[in-house]
Amino acid sequence: MRTTSPLTDTPAPHRWTVAVLGPGGVGGLLAGLLSRAGHRVICVAGEDTARALRQDGIRVRSGQFGDFTAPVEADTALREPVGLCLVTVKHTALTAALERVPPQVLGDGLVLPLLNGVEHPAALRERYGARRVVAGTIRVESTRIAPGTIEHGSPFTEIDLTGTADRLGPLTAMFEDAGVRTRPVADETAALWAKLTFLAPFALLTTRYGLTIGEVRTGRRAELAALVAEAAAVSGACGVPADPARTLARYDTFPAGAKSSMQRDAEARRPLELDAIGGALLRAAERHGVPTPVASRLMSELMAG
């Protein structure tokens, strides 16, 4: 079945062809959900992961969605046009991973990055063209515990897509049909900074001290509050007002044992997304002359350690 471009006024086809670049915790979960909903999914990954996915599919363990296995196709590079390419690699692997999705092969497909940070959409637009790239954010706690095996721990999976509702309607409907709460947001800057303002304090503090969010919000609450205030000040300087009290209240609703993805990477001795998260925060602070003593200290300590 031919996949109609999602950027036309033509209604979305019943069955999309979706490439997932980086079928890890986030990408693997979405690949499994979209496959289970009847869409054709092509996972693009390294040879070992691709082989495991071809043999066994995506295995998901989830309190929200249940436990299930879904078949997917897998390859080490994208070799045909698709309607949508999800970019769900870690920021540390982004440059190398994009070589697996050549622009001339992607064709008219939409590119949706669901990465941490605020600076990546510009790089993707330079490679694939401004009209092809739709920035988005995802709120979820999901971990790859082995190639093709995903453990989804949060009771929610929510995506914000930036752009107009009429442009993003078919894409929103596809995710919603797969069980993922999805909404279009008009302001890209606001969506990206809303996530970073919440994520940066969580990631930097849990990783620096090796503590869960419950331990941080009780044993290091003053430091958490100070860092949240700094992040909110930077966000405000970038044109996106943030409420520190509301951010702290959101942390208080998290399960006490929750860990940030950066903390999990540190525990597994994987590269950390320090530059995409803390680095982006500090660069924006410097541009706007916002003091960030706590964030600067934590970044220095993490980079030194």
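1. Strand S11 places its side chains on two faces, with Glu158, Asp160 and Thr162 pointing one way and Ile159 and Leu161 the other way, and all of these residues are buried. The strand as a whole is therefore best described as mostly covered, since five of its five residues are buried in this predicted model, where buried means under 20% relative accessible area. It is worth noting for any side-chain treatment that the buried set includes Glu158 and Asp160.

2. Which strands flank S11 in its sheet? The sheet is an open one of three strands in the order S8-S11-S12, and its pairing is mixed. Its edge strands are S8, covering residues 136–139, and S12, covering residues 181–185, each of which pairs on one side only. From one strand to the next the twist averages 15°.

3. The mixed character of this sheet can be followed pair by pair. S8 and S11 run antiparallel and are joined over four bridges, with Gly136 having Leu161 as its bridge partner in S11. On the other side, S11 (residues 158–162) and S12 run parallel and are joined by five bridges, and here Ile159 has Thr182 of S12 as its bridge partner. As general background, strands of a sheet pair through backbone hydrogen bonds, either parallel or antiparallel.

4. Helix H6, spanning residues 165–177, contains Thr172. Is Thr172 buried or exposed? Its relative accessibility is 12%, and because the cut-off for a buried residue is under 20%, Thr172 counts as buried. Once neighbours within four places in sequence are set aside, Thr172 is in contact with Leu161, Thr182 and Pro184. Leu161 is one of the buried residues of S11, while S12 covers residues 181–185 and includes Thr182, the bridge partner of Ile159.

5. A separate set of strand pairings involves S3, residues 58–62, which has a covered face made of Ile58, Val60 and Ser62 and an uncovered one made of Arg59 and Arg61. S3 pairs with S4 (residues 68–70) in the antiparallel sense over three bridges, and Val60 has Phe68 as its bridge partner in S4. Five residues lie between the strands of this hairpin, in which Gly66 takes a positive phi near 85°. S3 also pairs with S10 (residues 149–152), in this case in the parallel sense over four bridges, and the bridge partner of Arg61 in S10 is Glu151.

6. Two annotated domains come from the record, and both rest on an unreviewed UniProt entry. The feature "domain: Ketopantoate reductase N-terminal" is placed at residues 18–154; that span is 29% helix and 30% strand, with its end C-alpha atoms 24 Å apart. The feature "domain: Ketopantoate reductase C-terminal" is placed at residues 190–302; over those residues the chain is 76% helix and 0% strand, and the end C-alpha atoms are 27 Å apart.

7. The largest nonpolar core comprises 36 residues, and those with the most contacts inside it are Trp193 and Tyr251. Two or more residues are given to this core by each of helices H7 (188–209), H8 (213–219), H9 (221–237), H10 (244–253), H12 (274–288) and H13 (293–304), and H7 gives the most, with ten residues. Tyr251, leaving aside neighbours within four places in sequence, is in contact with Thr197, Phe198, Pro201, Phe202, Ile213, Arg217, Leu224 and Val228. Apart from this core lies another, of 35 residues, with Val41, Leu84, Ile150 and Ile159 among them. In general, nonpolar side chains tend to be buried together in soluble globular proteins.

8. At the level of the whole protein, there are 13 helices and twelve strands. The C-alpha atoms fill a box of roughly 55 × 35 × 30 Å along the principal axes. The radius of gyration is 19 Å, and because a compact globule of 305 residues would have a value near 19 Å, the two agree. Buried residues make up 53% of the 305 residues, and among contacts with a separation of 6 or more, 68% are between residues 24 or more positions apart.

Terms used: Residues numbered from 1 in each chain as written. Predicted model: local features only at pLDDT ≥ 70, side-chain atom pairs only at ≥ 80, totals over all residues. Heavy atoms only, no water. UniProt positions renumbered as here; feature names shortened; annotations may be inferred. Core = buried A, V, L, I, M, F, W, Y, C linked by side-chain atoms within 4.5 Å. Buried < 20%, exposed > 50% of the residue type's maximum accessible area, 1.4 Å probe, protein only. Contact = heavy atoms within 4.5 Å. Pairing = 2+ DSSP bridges. Axes fitted to C-alpha atoms, helices over the stretch in contact; angles between N-to-C directions. Rg over C-alpha atoms; globule rule 2.2 N^0.38 Å.
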